[in-house]
Amino acid sequence: MSDLDLLTQSLARNVKRWRTERGFTLDVLAGRAGVSRGMLIQIEQARTNPSIGTVVKIGDALGVSITTLLDYEQGPKVRIVPAEQAVRLWHTDAGSYNRLLAGTEAPGPLEMWDWRLMPGDGSPSDPHPTGTVELVHVMAGELTLSVDGTDYRVPEGASVSFEANTPHTYANKGDVPVEMVMAVSVPLVH
């Protein structure tokens, strides 16, 4: 079985499990996540490979991390994620990518990401739930972070934190790759 098949089956099982645990009907989850009921049915039946944006929206609506939705197994309290098991969820032909390094529930979703943005590339993000905070540390290059239409330049060695409940974009307007690590904390859904 391929990695993609494992992820598709894990996503199907975990979306259904968390939707049931939250007491959400398909229609309620579709409304909260902003995705169609038909898409949710396809996901829960492991008949589609949704975009990372769709998985993020569903995780936010359920109040669980992407890691939890894609987890093959529920492990012990200490979990080491080998480098080869970091999941690449977005990439461009130019060589930009992000990888989900680790995640947990603390008490809401908490995720750690490894990003590379090639010159000229950018990755837009829809607003996350109110209370979501992102922390970014730039290890190489200069990140242009746009939050709610305002650009912020974050140079190599600098870090930034921001409330991520408005549209935001990570972009590389320079001429060398941007390497950064990001932590995302999403509040628990009640």
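**View 1. Polar contacts and a salt bridge where the two domains meet.** In this predicted model, domain 1 and domain 2 share 2 residue pairs in polar contact, with both partners at pLDDT 80 or more. On the side of domain 1 that touches domain 2, the elements giving two or more residues are helix 4 (52-62) and helix 5 (66-70). The residues on that side of domain 1 sort into 6 nonpolar, 4 polar and 2 charged. Look here, too, for the 1 salt bridge counted between domain 1 and domain 2.

**View 2. Lys57 and Asp126 up close.** Here the side chain of Lys57 pairs up with the side chain of Asp126 in a salt bridge. The N to O distance is 3.6 Å.

**View 3. How the two domains sit together.** Stepping back a little, the domain assignment splits the protein into domain 1, running over 3-70, and domain 2, running over 83-185. Their C-alpha centres are 22 Å apart. Where they meet, 12 residues of domain 1 are in contact with 15 residues of domain 2. Together the two domains bury about 940 Å² between them, and carbon and sulfur atoms give 66% of that area. Three residues to pick out are Ile52, Asp60 and Thr67: they supply 41% of the area that domain 1 buries against domain 2, more than any other three residues.

**View 4. The stretch that UniProt labels.** An unreviewed UniProt entry puts the feature "domain: HTH cro/C1-type" at residues 15-69. Follow residues 15-69 from one end to the other and you'll find the end C-alpha atoms lying 6 Å apart. On the way, the span is 71% helix and 0% strand.

**View 5. Glu44 and Arg19, a link between two helices.** The structure holds 7 salt bridges, and this view shows the one between Glu44 and Arg19. The closest N and O atoms of Glu44 and Arg19 are just 2.6 Å apart. Glu44 belongs to helix 3 (residues 37-44) and Arg19 to helix 1 (residues 3-22), so this pair ties together parts that are 25 residues apart in sequence.

Notes. Residues numbered from 1 in each chain as written. Predicted model: local features only at pLDDT ≥ 70, side-chain atom pairs only at ≥ 80, totals over all residues. Heavy atoms only, no water. Domains from an automatic or database assignment. Contact = heavy atoms within 4.5 Å. Buried area = accessible area lost by both parts, 1.4 Å probe. Salt bridge = Lys/Arg side-chain N within 4 Å of Asp/Glu carboxyl O. Polar contact = N/O pair within 3.5 Å; in protein donor to acceptor, adjacent residues only side chain to side chain. Helix = DSSP H or I, 4+ residues; strand = E, 2+ residues; numbered from the N terminus. Nonpolar A, V, L, I, M, F, W, Y, C, P; charged D, E, K, R; others polar. UniProt positions renumbered as here; feature names shortened; annotations may be inferred.
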